[in-house]
Amino acid sequence: MSQITPQPGIMEIALYQSGAAHVDGATDVVKLSSNENPFGPSPKVADALRIAGVDLHRYPGTDHAGLRRAIADVHGLEAENIICGVGSDEVLQFIAQSFAGPGDEVIYTEHGFSMYPILAHAVGATPVKVEETDRTVDVDKILAACTDKTRIVFIANPANPTGTMLPMEDCKRLAEGLPDKALLVLDGAYAEFVDGYDGGAGMVESRDNVIMTRTFSKIYGLGGLRVGWGYAPKEIIDVLNRVRQPFNLNNLQLLAAEAALRDRAYLDKCRSENARLRSWLIEALAGHGVECDVSYTNFILARFNDTQEANAADAYLKSQGLIVRKVTGYGLPNALRITIGDEPSCRRVAHAIGQFKEGAV
Ligand SMILES: Cc1ncc(COP(=O)(O)O)c(C=O)c1O
């Protein structure tokens with residue numbers, strides 16, 4: 001047998017499942033499986049890409065100074081406490097790589113984002129799954145699960161795929177109660193959908209054990225470009241920068257993300273359209289006997305009576321060209337996660353679920 005073996009933990013990784021994008025034989029397909037912005041990015045992004053495209057023979061800067069300055073300006077943060085990555089996934093990876101390893105524990109929650117256990121395994125650490133309460137992160141249960149081996153606690157706030165959110169007071173209590181060697185990662189991939197929410201930036205500034213991550217993939221409509229960032233105390237940023245490749249982001253990513261970020265009017269429009277259509281869809285589904293929790297994100301978690309009904313609803317939606325996300329792998333076999341699309345897509349989903357529930361199919 002070959003003596004060439006992967007590092008501990010690697011073979012424990014269950015490959016990340018991305019949202020489906022095609023339905024065989026169907027036309028007029030709507031993809032509502034990856035929490036993408038149905039309106040796409042700000043029109044200003046196209047201009048930025050044209051400008052960036054002129055200089056493709058040049059290496060990008062290594063310090064992302066322009067993008068970090070823009071993030072700092074827009075959010076009122078310190079540029080030197082920001083790190084940028086290839087999606088927020090890469091920033092999460094820097095964190096795992098820098099602060100956990102064999103013998104350490106990484107906490108995530110029952111319905112938490114599936115990258116967290118993957119990242120723990122990838123660095124040889126032990127992922128520890130903690131129960132939630134009513135599909136919401138439970139601070140007391142996390143604190144009870146902490147040991148002297150805990151190095152990282154990952155929570156998304158608001159959370160994916162549940163769409164629920166912890167009040168800032170609970171996040172503070174969590175950070176306060178963690179063992180001295182543990183870091184709290186507040187993953188703010190959906191933070192922009194919550195009006196007035198800082199994603200935990202204030203907590204980062206007032207504590208030394210909190211990191212916030214953010215992305216351009218969701219409200220900014222740039223999932224295909226892959227840009228994210230993190231905000232942390234300077235000592236932590238200094239550590240993360242040591243594992244970051246110098247040219248991890250290219251000129252197109254840097255300029256396009258900055259253009260998207262500075263178009264605040266477009267962001268506001270996307271946020272309010274999302275909120276309007278989300279309320280509409282939740283109500284429409286309730287009218288068909290399908291319950292959802294209050295969602296703080298750009299998706300809803302529609303709960304069916306049982307696994308069989310959820311699977312049948314998923315199959316019917318697919319037959320109608322509507323691709324949503326099954327979340328069995330997240331411990332939610334009776335639910336489907338549905339991204340808030342544009343108005344015609346929301347109407348199509350509501351109509352199809354109505355037909356399905358009335359047994360007209
Ligand atoms: C909670 C959460 N965190 C992080 C990510 C990663 O986003 P990206 O790597 O595109 O920035 C996602 C994407 O779906 C997510 O839902």
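## A serine in a loop

A polar contact of 2.7 Å links the side chain of S42 to the side chain of D263. Keep in mind as you look around that this is a predicted model. To find S42, follow the chain to the loop that runs between strand 1 (30–31) and helix 1 (44–53). The side chain of S42 has another partner too: the backbone nitrogen of K44, at 3.0 Å.

Is S42 buried or exposed? With a relative accessible area of 3%, S42 is buried, because buried means under 20%. Leaving aside residues up to four places away in sequence, S42 touches A260, D263 and Y266. D263 therefore appears twice in this picture, as a residue that S42 touches and as its partner in a side-chain polar contact, a pair of N or O atoms within 3.5 Å.

## Around the ligand

Now turn to the ligand. Which residues come nearest to the ligand? There are 13 residues around it, and S88, D187, T215, S217 and R226 come nearest. This shell is a mixture: four of its residues are nonpolar, five are polar and four are charged. Helix 3, which covers residues 87–99, gives the most to the shell, with three residues.

Several side chains can be paired with oxygen atoms of the ligand. For S217, an N or O atom of the side chain is 2.6 Å from a ligand oxygen. For R226, an N or O atom of the side chain is 2.7 Å from a ligand oxygen. N160 also takes part, with a polar side-chain atom 2.7 Å from an oxygen atom of the ligand. How much of the ligand does the protein bury? Taken alone, the ligand exposes 390 Å², and the protein buries 94% of that.

## The nonpolar cores

Look next at the nonpolar residues inside the protein. The largest nonpolar core holds 52 residues, and I155, L184, F216 and W229 have the most contacts inside it. Helix 9 (residues 251–262) supplies the largest share of this core, with five residues.

F216 is a good residue to explore on screen. Not counting residues up to four places away in sequence, F216 touches L67, G221, L222, G223, V227, G228, W229, A257 and L261. One of these, W229, is also among the residues with the most contacts inside the core.

Apart from the largest core lies another one, made of 32 residues. Its members include I95, I236, L301 and Y330.

Technical notes:
Residues are numbered from 1 along each chain as its sequence is written. This is a predicted model: local features need pLDDT of at least 70, side-chain atom pairs count only at pLDDT 80 or more; totals for chains, interfaces and linings use all residues. Side-chain values use heavy atoms; hydrogens and water are left out. A residue is near a molecule or strand if one of its heavy atoms lies within 4 Å of it. A polar contact is a pair of N or O atoms within 3.5 Å; within protein, one must be able to donate a hydrogen and the other to accept it, and residues adjacent in sequence count only if both atoms are side-chain atoms. Accessible areas come from the Shrake-Rupley method with a 1.4 Å probe; for residues, only the protein chains shown count as cover. Helices (H or I, at least four residues) and strands (E, at least two) are DSSP runs, numbered from the N terminus. Ala, Val, Leu, Ile, Met, Phe, Trp, Tyr, Cys and Pro count as nonpolar, Asp, Glu, Lys and Arg as charged, and the others, Gly among them, as polar. A nonpolar core is a set of buried Ala, Val, Leu, Ile, Met, Phe, Trp, Tyr and Cys residues joined through side-chain atoms within 4.5 Å. Buried means under 20% relative accessible area, exposed over 50%, partly exposed in between (1.4 Å probe, protein chains only). Contact means heavy atoms within 4.5 Å.
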